[in-house]
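Please walk through this structure with attention to how its charged side chains pair and how one of its helices packs. The sequence and the coordinates are shown here.

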Amino acid sequence: MIDDTTALSYWLNWRFLLCAVWVLVAMVFAALLIWRYEGSRKIRDKPSGVQQEAAGCLYDDEVWGTCSKSIHPIWLLAYRVVAFCTLLAVLLADFVINGAGKIFFYTEWTFTLVTVYFGLASSLSIIGYLRYRHDVEPESTIDNADRGSYVPPILGEGTDTALETGSLDCYCEPKFRTVASVWGYALQIIFQMSAGAVALTDSVFWLILYPSTYANYYGLSFLIICKHSVNGVLLGDAVLNRMVVS
C-alpha cells in the first residue's frame, strides 16, 4: 500500500517532526560555524600588541594560488578547467540519457555541486592569473634584470639581506595581499561542503550499495562508474590549492 503524501497525517507526525528538528539544528549549527570562522574579517590584537589576522580570513591569492611556490598557478588553472569540462560532460550526458528524474538522487546533487565548484574555481583562477601576469610577473622580470649587475653585500655590512630573498621563488606572491571577495568565500564554502559530500557518497556507494545491491541486481554502467569516480578530482584540487579548511 502506497501512502498518500498529500494528506496532512503523512507529514504531521513525530517522525517528520524529529527529522525537521534534526535538519534545523544542523542548519543553525552550520550557520554559526560559518559566521564564527568564515565571516569575520577583523584583525585581532594579541596581549603583546602584535596584530593577528582573524580565524577564517581568506586572501585573494589563496583562491587561485598553489600550495607550493615551486608550482606555477597556471597548472592549477589548467587542472580546474579540464576537471570542469569533464564533469560537465558527464553531467549533461547523464541528464540526456536518464532524464531529469535523476535529480532526486543525492549523488546527482553532489556531482552537480562539484561541477559548480570547478566552474567557479576556473573563473576565479583565470581572473587571478591574469592579475598575477599583470602585477607580479613584470616586477619579477625587472628585479631579475637588475640583479644581473648586482654585487651582493658582505655579511656584517649592515645590509638586511632578508629583503632580497623574496624574489628567488619560482613565482612571487603579491606584495600587498587583499582579502578575498564574496565569490572567493563562496568558493571556499562550496569546497568544504563538496569535499565531505564526495567522501560520503563514494564511500557509501562502493562499500555498501555496490556489494549489496548493484553487483547482484543492477550492474554497473559507464555513467555510474564515472559519477562515483570522476568527482574524486576534487582531491587533486585539494592537494594543489592554498585554501585552508577551517
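What follows takes up a helix, a serine that reaches towards it, the salt bridges and finally the cysteines.

The model is a predicted one, and every value below is computed from it. A convenient place to begin is helix α4, which covers residues 73-98 and has 26 residues. From its first C-alpha to its last, α4 reaches 37 Å, which is close to the 38 Å expected at 1.5 Å a residue. Within α4 the buried residues are Pro73, Leu76, Leu77, Arg80, Ala83, Leu87, Val90, Leu91 and Asp94. To read such a list it helps to recall that an α-helix has 3.6 residues a turn, so residues three or four places apart point the same way. The buried residues of α4 pack against α3, α5, α8 and α9. After α4 comes Gly99, which has a positive phi, near 85°.

Helix α5, one of the partners of α4 in this packing, contains Ser122. Ser122 has a relative accessible area of 5%, and because the cut-off for buried is under 20%, Ser122 counts as buried. The side chain of Ser122 reaches the backbone oxygen of Arg80 at 3.2 Å. Leaving aside residues up to four places away in sequence, Ser122 touches Leu77, Arg80, Val81 and Phe84. Of these, Leu77 and Arg80 also appear among the buried residues of α4.

The charged side chains offer a second way through the fold. In general, side chains of opposite charge can pair when their charged atoms come close. How many salt bridges does the structure hold? There are five salt bridges, and among them is the one in which the side chains of Arg131 and Asp60 meet, at 3.0 Å from N to O. Arg131 lies in helix α5 (residues 106-135) and Asp60 in helix α3 (residues 60-64), so this pair ties together parts that are 71 residues apart in sequence. The two partners are placed in unlike surroundings, since Arg131 is partly exposed, with a relative accessible area of 38%, whereas Asp60 is buried, with a relative accessible area of 19%.

Asp61 forms a salt bridge with Arg242, and their closest N and O atoms are 2.9 Å apart. Because Asp61 lies in helix α3 and Arg242 in the segment after α9 (233-240), this pair ties together parts that are 181 residues apart in sequence. Asp61 counts as buried at 5% relative accessibility, and Arg242 counts as buried at 19%.

A further salt bridge joins Glu108 and Lys227, with the closest N and O atoms 2.7 Å apart. This pair links distant parts of the chain, with Glu108 in helix α5 and Lys227 in helix α8 (residues 222-227), 119 residues apart. Both Glu108 and Lys227 are buried. A network of salt bridges links Asp94, Glu108 and Lys227, and Asp94 is one of the buried residues of α4, which brings the account back to the helix where it began.

The cysteines remain to be considered. A disulfide needs a pair of cysteine sulfur atoms within 2.5 Å, and by this rule the count comes to zero. Is Cys57 buried or exposed? Cys57 counts as buried, at 11% relative accessibility, whereas Cys85 counts as partly exposed, at 45%.

Notes
Residues numbered from 1 in each chain as written. Predicted model: local features only at pLDDT ≥ 70, side-chain atom pairs only at ≥ 80, totals over all residues. Heavy atoms only, no water. Buried < 20%, exposed > 50% of the residue type's maximum accessible area, 1.4 Å probe, protein only. Salt bridge = Lys/Arg side-chain N within 4 Å of Asp/Glu carboxyl O. Helix = DSSP H or I, 4+ residues; strand = E, 2+ residues; numbered from the N terminus. Polar contact = N/O pair within 3.5 Å; in protein donor to acceptor, adjacent residues only side chain to side chain. Contact = heavy atoms within 4.5 Å. Expected span 1.5 Å × (residues − 1).
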